[in-house]
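Q: I have a new model open and would like to learn how to read its features one by one. Could you walk me through it?

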Amino acid sequence: MIRTSETDQGPRAGVAGIQSCGSWSCPVCSRKISAERAREVAAVLKAAEAQDCSVAFVTLTFRHRAGTPLRASWDALTAGWRSVTSGASWSKDQDKFGVIGWLRAVELTHGDHGFHVHCHAMIVFDTRVSPDIMFALGDRLFGRWEKGLARKGFSAIADRGGLDVRPVQLTADSIESLATYISKAAMEAVNASGKAARGSGSRAPFQILRDAVGTGSADDIELFWEIEQASAGRKKITWSTSLREWAGLHRERTEEEIVTEDQHGEDQLVLPRETWERVQHEAEDLLDIIELEGLPGAERWLRSRGLAYRVVDPGRGKADE
């Protein structure tokens, strides 16, 4: 069942009536997880705007090469971030710069130079600060990032894309845009345009999965298996405890809790089993289409692929052929 509901961010579509696995590496479950994480990120940004605070958007990357196992790269990122946000130096930075807390999202792509794992972080300050102050903090974070990476045999260069610091404009449009960007980048949600990840030949995990299903490529199948195995048990979005409490957010729900919750909404389409088996690996496209173009757009999408479906009659709560 394809179901839609109205939210502050506009119509949102989801899938009901199927077994859920609670994993962000699943195209269906990741969408529900992404939607909740986006709401939480937006809540933090709105709290920062309401309390006249500042937010910096920091991206940290490191060198990567073809053939490096994803597990090794992810372990290096974890070690680098742990070095950034722990120890006496971080405590001093929090006091000196007035840092309330942080949110970190991991983004993953694969291209000609292998797996590219990097993190985006939102740093929230307790008052209005200048971009120069944000850049100064970014330099200190990068110094510890390098040290953490080195312990795992990796390296980064700040002036070659290893560090990027940008002030966040706390307007309504930019808040929603950044919240969506962070959650979709982390959960690998790909929009209906099929836009590729940044960089020549780079693909996000669900793009690799779509290609594997579409072409039967053994290389793509093995790539996605490696992603599933290396990411098992890892969180794509993490928070400092202080930030969630400051923003008044409830207890962070697990991904399993999010996907098993019954999301109330209006049923739109019933997909027979044979149709679902055909579209499950590109369900993200169908859900994006129904959000952007409504039921007519979803019907065109299905008809163009020769797929059977039924439209739910809103008056009777049943489906018409």
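The dialogue below goes through the sheet, the helices and a few single residues.

A: Gladly! Keep in mind throughout that this is a predicted model. Let's begin with the sheet.

Q: In what order do the five strands of the open sheet lie, and how do they pair?

A: Reading across the sheet, the order is S6-S3-S5-S4-S7, with antiparallel pairing. Strand S6 (163-167) and strand S7 (237-239) are the edge strands, each pairing on one side only. From one strand to the next, the twist averages 15 degrees.

Q: How many bridges hold S4 and S5 together, and what joins these two strands?

A: Twelve bridges link S4 and S5 in the antiparallel sense, and a hairpin of two residues connects S4 to S5. To find the register, look at Trp 102, which stands opposite Ile 123 in S5.

Q: And what about the pairings that involve the edge strands?

A: On one edge, S3 and S6 run antiparallel and are joined by five bridges; Phe 57 has Arg 166 in S6 as its bridge partner. On the other edge, S4 and S7 also run antiparallel, with three bridges between them. There, Leu 103 is partnered by Trp 239 in S7.

Q: How should I think about the two faces of a sheet?

A: In a regular strand, side chains alternate between the two faces of the sheet. Here, helix H2 (residues 70-84) lies across S3, strand S4 (99-111) and strand S5 (114-125). The helix runs at about 20 degrees to S5.

Q: Is S4 largely enclosed or largely open, and why?

A: Burial is judged by relative accessible area, with under 20% counting as buried. For S4, 13 of the 13 residues are buried, so the strand is largely enclosed by the rest of the structure.

Q: Next, the helices. How do I describe a packed pair?

A: Two packed helices are described by the angle between their axes and the distance between the axes. Take helix H3 (residues 87-97) and helix H4 (residues 131-150): their axes come within 11 Å and cross at roughly 175 degrees. An angle over 145 degrees counts as roughly antiparallel, and H3 and H4 are therefore roughly antiparallel to each other.

Q: Which residues of H3 and H4 meet?

A: From H3 come Ser 89, Trp 90, Asp 93 and Phe 97. They meet Ile 133, Ala 136, Leu 137, Arg 140, Leu 141 and Arg 144 of H4. By class, this contact has six nonpolar, one polar and three charged residues. As for the spacing, an α-helix has 3.6 residues a turn, so residues three or four places apart point the same way.

Q: Which residues of helix H6 are buried, and what comes just after the helix?

A: In helix H6 (residues 205-215), the buried residues include Pro 205, Phe 206, Gln 207, Ile 208, Leu 209 and Ala 212. Just after H6, Gly 216 takes a positive phi of about 75 degrees.

Q: Where does Asp 52 lie, and what is its phi?

A: Asp 52 sits in the loop between helix H1 (27-50) and strand S3 (54-60). Its phi is near 60 degrees, a positive value in a residue other than glycine. With a relative accessible area of 45%, Asp 52 is partly exposed.

Q: Finally, what is Arg 12 in contact with?

A: Arg 12 is found in strand S2 (residues 10-15) and counts as partly exposed, at 29% relative accessibility. Leaving aside neighbours within four places in sequence, Arg 12 is in contact with Arg 3, Thr 4, Ser 5, Thr 7 and Glu 291. The C-alpha atoms of Arg 12 and Arg 31 are separated by 9.9 Å, and the two residues are 19 residues apart along the chain.

Methods. Residues numbered from 1 in each chain as written. Predicted model: local features only at pLDDT ≥ 70, side-chain atom pairs only at ≥ 80, totals over all residues. Heavy atoms only, no water. Helix = DSSP H or I, 4+ residues; strand = E, 2+ residues; numbered from the N terminus. Buried < 20%, exposed > 50% of the residue type's maximum accessible area, 1.4 Å probe, protein only. Pairing = 2+ DSSP bridges. Axes fitted to C-alpha atoms, helices over the stretch in contact; angles between N-to-C directions. Contact = heavy atoms within 4.5 Å. Parallel < 35°, antiparallel > 145°, perpendicular 65-115°, else oblique. Nonpolar A, V, L, I, M, F, W, Y, C, P; charged D, E, K, R; others polar.
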